[in-house]
Amino acid sequence: MLANSGSDERGRYSGGQAGDQTGKEWQVRQWYSRPWSCILRYPNPAVGNKLAELSRAAALNDHIGYDQGQRMTYLYELERANWQPGMIRVDCEQDCSSGVIANTIAVGHLMGIDALKQIGKRATYTGNMRQAYQDAGFHVLTEGKYTSSSRYLLPGDILLNDQHHVAVNLDIGVAAKNEQIASDARKLSQNPKWVGECTASLLNVRSGPGTGYACIKEWPMLAKGNWIDVCDEVGAADGGLWYYIRIYGKYYGYVYSKYIKHI
């Protein structure tokens, strides 16, 4: 999903009423191709998460609308609201670039990053955002896998078309999520801590800790009574406990802890 701002309540770029009359002047919407020239990504994921959080809050606050003629009033109200867009109660306006830049400034203040606090001095519209953000520490990603779909995007990634538009990605893409799980798995211990036995009639072995992950191709299911090596314990996003396991000394995957007993 994207936090996207593109026009006022009349479908125009200026002259409208302050605030968001339609709920779509700044909105959360599905990914789309502008097309995008590049992705701007800050190397610290915590910064991206905070930018995504503020962007979502701004998009859902109908006191914040779109108007190129009053585009700086959002930044003014954002500062007055202690850099919390969800707390703004005065109708104000921004456009696609000024809104993203204002939220980046807010992240700088909330997280104590001077380069982001000052980014508005160099980034003023889509045409100079790429260089200004790169100078502030963002990575510029131009590979097609980043610009052609949301699959490899992370929260807080900034989607930029230098000539026309900018938006902020809010969620982790499915491919990026799988890459992250694979990276986390490589950090886990490859040595077993104890031996477990499957208690379910059939038990899926998945590529990540959760039912949303695919079964591994090498060993998609365990049968009741199968023994496995338990290498580590991993918490899932929903709070469930999963085991990172080894099968036959060479295959690795995740199983739900409820169906494994210690032997």
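**Strand pairing, helix α3 and an internal cavity**

Strand β9 (residues 194-198) and strand β12 (residues 227-235) run antiparallel and are joined by 4 bridges. The model in which this pairing appears is predicted. Within the pairing, V195 has D229 of β12 as its bridge partner. Strand β12 is also joined to strand β13 (residues 241-247), again in an antiparallel arrangement, by 6 bridges. Here E233 stands opposite Y243 of β13.

Helix α3 covers residues 96-111, and its length was compared with the value expected for a helix of 16 residues. At 1.5 Å a residue the helix should span 22 Å, and because the C-alpha atoms at its ends lie 23 Å apart, the expected and computed values agree. The helix is mostly covered, with 13 of its 16 residues buried. Following α3 in the chain is G112, a residue with a positive phi, near 70°.

Helix α3 also contributes to the lining of an internal cavity. Rolling a probe the size of a water molecule over the atoms reveals where empty space remains. The structure contains 1 cavity of 30 Å³ or more, and the volume of the largest cavity is about 60 Å³. Its lining comprises A3, N4, S5, W26, S55, Q94, C96, V100, N103, V166, A167 and V168. At least two lining residues are supplied by each of β1 (2-5), α3 and β8 (165-169). In terms of residue class, the lining of the largest cavity consists of 7 nonpolar and 5 polar residues, with no charged residues. Among the nonpolar lining residues are W26 and V100, whereas N4 and Q94 are among the polar ones.

A further site considered is A136, which is placed in the loop between α5 (126-135) and β6 (139-141). The relative accessibility of A136 is 10%, and A136 therefore counts as buried, the cut-off for this class being under 20%. When residues up to four places away in sequence are not counted, A136 touches Y42, A115, L116 and I119. The separation of A136 from I216 was also computed: the two residues are 80 residues apart in sequence, and their C-alpha atoms are 40 Å apart in space.

How values were computed. Residues are numbered from 1 along each chain as its sequence is written. This is a predicted model: local features need pLDDT of at least 70, side-chain atom pairs count only at pLDDT 80 or more; totals for chains, interfaces and linings use all residues. Side-chain values use heavy atoms; hydrogens and water are left out. The expected span of a helix is 1.5 Å times one less than its number of residues. Buried means under 20% relative accessible area, exposed over 50%, partly exposed in between (1.4 Å probe, protein chains only). On a 1 Å grid over the protein atoms alone, a cavity is a set of points where a 1.4 Å probe fits but cannot get out, and a pocket is an open set with protein on both sides within 12 Å along at least five of seven lines; lining residues have an atom within 4 Å of a point. Grid points are joined across faces, edges and corners, and a volume is the space filled by probe spheres set on the points. Two strands pair if DSSP finds at least two bridges between them. Contact means heavy atoms within 4.5 Å.
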